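Here's a quick briefing to read with the model open beside you. Have a look at the fold first, then work through the points below.

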Amino acid sequence: MAIELAPLPLPASADPTKFTDFGREVKGVKPGSLTPELFEEIKDALYKHDALLFRNADLTPEQQYALTKAFDPQSESYGHGNNKTESTKKSILHPDLKTIPHVPQVQLIGNGTVYNHEGLAEAMLKHPSHTTFHKTRVSLEDEANGVTRFYRWHIDAALYDLSPPKVTTLYGLKVPQGPTQVCRYDDGTGDELPVPLGTTAFVSGKTMFDILPNDLKSLAVRTKVKYAPHPYVWMAPSHAMPTGLGIETEGLELPLEELPPWEEGKRKILPMTWKNPVTGNLHFQVHPCGVAELLIDPLPAGASREGALYPDGAKITDLGEVRSLLYKMQRPAIAPPLVYPHDWHEKDLVLFHNRGVLHSVVGAFTKDQVRAFHQCNLAASDDPAGPTEEDVKKYA
């Protein structure tokens with residue numbers, strides 16, 4: 001039996017020409033009990049389409065962990081380390097995640113207080129809000145009228161010691177309904193996006209790379225990104241930009257000597273573009289908030305130097321310069337027509353290719369709006385592959 005795939009329901013704001021390959025709904029399949037043959041079809045579809053939706057799925061934490069692990073059988077621990085986010089009080093992730101006791105690779109996320117849930121007698125959940133992380137915030141009046149922002153565009157990854165997960169699974173257990181909100185970019189462009197309450201917004205890393213002009217494509221295939229040690233602790237005192245796409249450069253990052261113990265050899269240095277293992281496409285995959293340095297290779301022999309950026313290579317360590325360059329490269333891909341804001345329903349299961357997309361929490365809930373999701377991703381058994389020598393020659 002072959003799986004049945006249907007296009008995702010795109011909102012009116014989306015440019016359908018940019019979503020011809022992105023996202024599919026999988027029908028007629030129970031994701032908690034896939035045969036090996038069906039799983040291989042699901043795996044192939046995920047890498048080709050980057051996000052898969054299963055409606056009305058019944059899934060236990062054990063099944064969700066098993067499904068996530070099947071994409072990388074050698075993986076074992078949660079993407080940030082089992083229980084690591086709770087034990088690291090200074091981490092910006094600390095308030096957002098509660099570990100399921102009997103399946104520590106699965107996290108409970110959401111909003112409000114949840115009782116007697118999978119071994120947790122009482123779990124107080126807090127939906128991340130831009131009001132606690134951005135340098136500026138929407139006014140209380142605007143917020144009351146449904147204006148909101150992207151919280152933080154990111155990849156699910158510890159970005160220190162552990163390798164970025166290949167896949168994240170998100171399962172909606174309790175999904176409060178409410179009026180549509182307006183996600184405002186507040187960056188001087190006037191951009192805004194109507195979004196369902198509590199949406200998860202996705203953008204394609206492939207599209208992020210494909211729409212770059214040639215000089216920035218050349219730079220992207222020649223660049224590696226070096227992340228700060230313990231980046232979520234490092235960035236915790238800082239403030240984000242109003243688009244949620246990176247950090248304002250104010251010198252507020254925690255000094256390296258004040259971080260938990262760290263080793264230089266465990267800092268992650270990853271390609272700026274990651275190669276899709278099925279399609280061979282390049283995806284621009286950078287978590288802009290945690291980046292400390294950019295390491296740029298020189299142009300390959302024989303490449304034209306006309307109009308090339310950093311033709312002789314460079315090591316950029318100035319945070320302002322690093323962030324400005326990344327923002328220039330990433331901001332076009334979060335324009336409203338390129339964003340897929342998922343409209344969650346209870347028992348929705350979304351699998352997304354964590355090495356092929358960026359995503360963001362969006363919106364805000366009141367304290368009495370209870371929302372409960374199970375999230376699972378696993379630190380991978382290897383680091384992502386970057387561009388091949390042929391890719392560099394092609395784009396440089």
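**Two helices and what they pack on**

L216, L219 and A220 in helix α6 meet L325, K328 and M329 in helix α8. Keep in mind that this is a predicted model. Those contacts are a handy way into one part of the fold, where α6 and α8 also lie on a sheet; strand β3 and its partners come after that.

**How α6 and α8 pack**

- Helix α6 covers residues 214-222 and helix α8 covers residues 319-330.
- Two packed helices are described by the angle between their axes and the distance between the axes.
- For α6 and α8, the angle is about 120° and the axes sit 11 Å apart.
- That angle makes α6 oblique to α8, because it falls outside the 65 to 115 degrees that count as roughly perpendicular and is not over 145.
- As for handedness, α6 and α8 cross in the left-handed sense.

**The four-stranded sheet**

- Reading across this open sheet, you get β13-β12-β16-β17, with antiparallel pairing.
- Which strands sit at the edges? They're β13 (269-271) and β17 (314-316), and each of them pairs on one side only.
- From one strand to the next, the twist averages 20°.
- Strand β16 (residues 291-296) is joined to β17 by three bridges, and these two run antiparallel.
- If you want a spot to click on in that pair, I296 stands opposite A314 in β17.

**Helices on the sheet**

- Helix α6 packs on the sheet and touches both β12 (223-227) and β16.
- The direction of α6 makes about 60° with that of β12.
- Helix α8 lies across β16 and β17, and it runs at about 75° to β16.

**Strand β3 and its partners**

- Strand β3 takes in residues 51-54: A51 and L53 point one way, while L52 and F54 point the other way.
- Are these four residues buried or exposed? All are buried.
- With strand β2 (residues 24-27), β3 pairs in the parallel sense over two bridges.
- Within that pairing, E25 stands opposite L53 in β3.
- To get from β2 to β3, the chain goes through helix α1 (residues 36-49), and this β-α-β crossover is right-handed.
- With strand β19 (residues 349-353), β3 pairs in the antiparallel sense over four bridges.
- Here F54 stands opposite L349 in β19.
- So what senses of pairing does β3 have? It's parallel with β2 and antiparallel with β19.

Note on methods
Residues numbered from 1 in each chain as written. Predicted model: local features only at pLDDT ≥ 70, side-chain atom pairs only at ≥ 80, totals over all residues. Heavy atoms only, no water. Buried < 20%, exposed > 50% of the residue type's maximum accessible area, 1.4 Å probe, protein only. Pairing = 2+ DSSP bridges. Right-handed = clockwise from strand over helix to strand, strands pointing away. Axes fitted to C-alpha atoms, helices over the stretch in contact; angles between N-to-C directions. Parallel < 35°, antiparallel > 145°, perpendicular 65-115°, else oblique. Left-handed = near helix turned anticlockwise from the far one by under 90°. Contact = heavy atoms within 4.5 Å.
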